Amino acid sequence: MSNRPSPAQFRQASQQVAMDRREFLRAAGLMGAAAPLLGMTPLRAAAKPREQKVVVVTFGGGARDEETFAPDGQENIPHLIGTLLPQATFFTQVVNRGILGHYVATASLATGAYETFNNFADTSPANPTVFEYYRKALHRPPTDAWVVAPSNGFNRIGESDARGYGAGLGAGVILPKHLLAAAMPQHQHGAYTHLLRDNYEDPYYTPDLQGGEFELNQLDSMLKLSVEEFTHHARSLSSADELSVYVARQLMRQHAPSLLWITLHDMDVAHSGAYSLYVEGIRRSDRLCAEIWQTIQSDPEYAGRTTMLVLPDFGRDSDFDSGGNGFQHHRTGDALSRTTWMMALGPGIRAGAVVDRPVQSTDLVPTIGARMGFATPRAQGRVLSEVL
Amino acid sequence: MQPAQLTPASFAAYPPQARALVVGQLAVLRTLPLVFAALLLRESRAYDWRFPAEQQAIRDQFSFLASLDEAARRQLLAGFAAVKLPDSTRESNWVDQPQQFLDALTASLWSTHQIDDFRQSAKSYALAWRKAKPEQPPILPRLTLVVFDAALEQQGYELFRKLRPHGVFVPQVQDANGWATLVAHLQRRAQLHPLPSGHIYIDGADADPTLAAHLDTTSYGGLQPVREQLLQRIQQILGSANSGPEQLRTTLAGITPQSLHWPAESTGEAFQRFQLDVLTEGSGTQIFSTTFVQWAAREALRRAQPVTLVLRYAPRQRSLNMNEMLSGQTRNNLPDPAGSLVDADMGAFYAWIDQQRLSGAGQSSLLAWSQARQQAMLVGPAMPRNTVAAAPLSMAQMLAQLVG
């Protein structure tokens, strides 16, 4: 007896999610001349400038359609829908077939291969990361690839254990909360608690943040910020994600990295069960995505030569799956928790277009490689031709 | 150990009722795939302090499995037999520590891409079992009442958006004594239909003693000493050298009311264990009262299957740094009434979904009531969908419309 859902069944469920998104977009009048996109020819004629840059923004806390692209959710993402979508090619059906834990899933996004390590382990990805492919193939310096990530566990995401890659070839990783913890005397942490929020994926696993000499050195040498400047600005921010975007902007100003990866994480507060905080996190991510795009457009180092890719690492459980508890977790592996979306913006990428065919989250790395001109031989995904 | 090697001595560490149950079913247990046997033992091991509905479900499963001939049983459980396990998991003490086995199994299923197959196998089994042993309808239609405390308010927030398509929205509740009317109704209901664990009250602050006298009751406020002890233990574990999620979960799973010096309660061991489970298994239940109410409601409906469930949402604390909230030193933290209203509104929707999963769903009713707005939502078999009440209603009128 085979109980396995057939590929056709899973495809049907994923397609339903995608169809719903498409209907929402149509209802909102956002699709424009998108229909001809199915089977379209990439806009090669729009001559991409040389020396492409790529900024990837992932939501390291799954977001569901109900709170984003569904009719009731659209009020939470006015910037994604109103500002970015009309300029973007939108993939309605991005399926994640890997482990639905944020660190391991983000690592899978960064390697283009489904990683299988323990989500809570202090582990490097087994497969080469996009940063290593990029720097090795194009002989780029360490300052040209960066990751800005939530603190817990993500410190190893910059480079893999893969033979021929690994040590010295990866991205610099900045964990803004560690920076802040290092910059602040322990007794003053209270003023910054809203920025030091940590992992919610496990109900309890929240080790105290540590910060030290290395982080302070990063502040000074990489971000060119004094402790006073950094902490003064941090005090004006309302969340950990805002701190991450502040750090990312500082990196862009100081080093203009060609490959920058930012993981937003506030919405993962959903694991605490407070729906209002989860929605707040989505609204903040929506605003921050628009701000990042605005920064790209207003910075001469980035304007006109930068692709921005925005995608959640995966979704969250359906309200109606008895194995889960709705928005709170992503434990069921149902179609809603595995199917998400991606937005691509940049020179030569068709604006206001919708791609309905199913793609996988592992397609991200080969697509970045194709766009920037390097090979990604160990990635499992395929190049998304619509983004070339 | 393989299931075929099980003997009565294998269950020496089990509590008395659980031991008697599984020893009596040894012939069936010996034929089961290891993964399935461990899952069944995880339920059975806690038999002594399960709710009556859960105990019935465990007995029904054994009875169903025993009713199948060997070939049919093998075919039904083939998906479980096909699971590939790491040696360390297969050789672990799954008889005495089935929960740890399940944690390891879950991690393995995800990392080896077997999770989808496993879920499908579990669904197929549940369908077959429930088809053979249908759940009995409740002795009276189920009723869930969700009350949003008067302090819960957010200007401009539209209440009951998710529930409105399913029933009648009451824009004006006209009743100065709504809570008293509701309590009196519930007292009568519980007295007329006495049932073990049949009437449950969960409060996000301190319980109303008048209602608590008649219903099995738990409250976020009443559990404060237990919550603080648990948070201290969590802090100790996190501060130890080799702390991690697995160690933490294992430690929490081993906590008993006795180990917390929690005296026995009049509601019985099953309900006391249930309260402890809400705090040790639920994510966020220790720090947010709104999460406590929602998760406790979900688990009460799933496990105890009460005919009456009363939920009262009160303001939760503001969100702080997670480590700070886990420290338990947040008594001076201000409440978040606006966020709590949104949490409660979603909690009411989830309570309705969870109630719909139980037997007698077609006859079940739900009333959600905002004390601040004096607005309510009525969902039930007699309530037309997506409708707005034309005139103000009192609490007595709403209850009469809902349950007669």
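This is a quick walk through a few helices, strands and single residues in chains A and B of a predicted model.

Okay, housekeeping before the fun part. The model is predicted, so local features need pLDDT of at least 70 and side-chain atom pairs count only at pLDDT 80 or more, while totals for chains, interfaces and linings use all residues. Residues are numbered from 1 along each chain as its sequence is written, and chains are lettered from A and ligands numbered from 1 in the order in which they are written.

Let's start with chain A. It has 11 helices and 9 strands, where helices (H or I, at least four residues) and strands (E, at least two) are DSSP runs numbered from the N terminus. Of its 388 residues, 59% count as buried. By buried I mean 20 or more other C-beta atoms within 10 Å of the residue's own; 12 or fewer is exposed, and in between is partly exposed, with C-beta atoms placed from the backbone. Looking at contacts in chain A between residues at least 6 apart in sequence, 73% join residues at least 24 apart. A contact here is two C-beta atoms, placed from the backbone, within 7 Å.

Now, strand 6 of chain A, residues 306-312. How many of its residues are buried? That's 7 of 7. Remember that in a regular strand the side chains alternate between the two faces of the sheet. Here both faces are covered: Thr306(A), Met308(A), Val310(A) and Pro312(A) are buried on one side, and Thr307(A), Leu309(A) and Leu311(A) on the other.

What does strand 6 of chain A pair with? Pairing, by the way, takes at least two DSSP bridges between two strands. Strand 1 of chain A, residues 53-59, runs parallel to strand 6 and is joined to it by 7 bridges. Strand 7 of chain A, residues 339-345, pairs with strand 6 in the antiparallel sense over 3 bridges. Val310(A) is a handy residue to click on: Val57(A) stands opposite it, and its bridge partner in strand 7 is Met343(A).

Staying in chain A, have a look at helix 8 (residues 240-255) and helix 9 (residues 275-298). Their axes are 10 Å apart and the packing angle is about 10°. For the record, axes are lines fitted to C-alpha atoms, for helices over the stretch in contact, and angles run from 0 to 180 degrees between N-to-C directions. So helix 8 and helix 9 of chain A are roughly parallel; the bins are under 35 degrees for roughly parallel, over 145 for roughly antiparallel, 65 to 115 for roughly perpendicular, and oblique for the rest.

Who's in that contact? From helix 8 of chain A we have Asp241(A), Glu242(A), Val245(A), Arg249(A) and Met252(A), and they meet helix 9 residues including Arg284(A), Leu288(A) and Glu291(A). The contact splits into 4 nonpolar, 2 polar and 5 charged residues. The classes are Ala, Val, Leu, Ile, Met, Phe, Trp, Tyr, Cys and Pro as nonpolar, Asp, Glu, Lys and Arg as charged, and the others, Gly among them, as polar.

Chain B has a helix pair too: helix 10 (residues 178-192) and helix 18 (residues 395-403), with axes 9 Å apart at about 40°. That makes helix 10 and helix 18 of chain B oblique to each other. Gly178(B), Thr181(B), Leu182(B) and His185(B) meet Met395(B), Ala396(B) and Leu399(B), and the contact comes out as 4 nonpolar, 3 polar and no charged.

Next, the sheet in chain B. It's open, with 8 strands in the order 4-3-5-1-6-7-2-8 and mixed pairing. Strand 4 (216-219) and strand 8 (387-388) of chain B are at the edges with a single partner strand each, so one side of each has no neighbour in the sheet. Strand 8 pairs with strand 2 (residues 168-170) of chain B in the parallel sense over 2 bridges, and Val168(B) has Thr387(B) as its bridge partner.

Last bit: the backbone oddballs. Lys224(A) isn't a glycine, yet its phi is positive, about 55°. It's in the loop between helix 6 (213-222) and helix 7 of chain A. Phe160(B) also has a positive phi, near 60°, and is in the loop between strand 1 and strand 2 of chain B. Buried or exposed, then, for Phe160(B)? Buried, because 21 other C-beta atoms lie within 10 Å. Lys224(A) counts as partly exposed, because it has 13 C-beta neighbours inside 10 Å.
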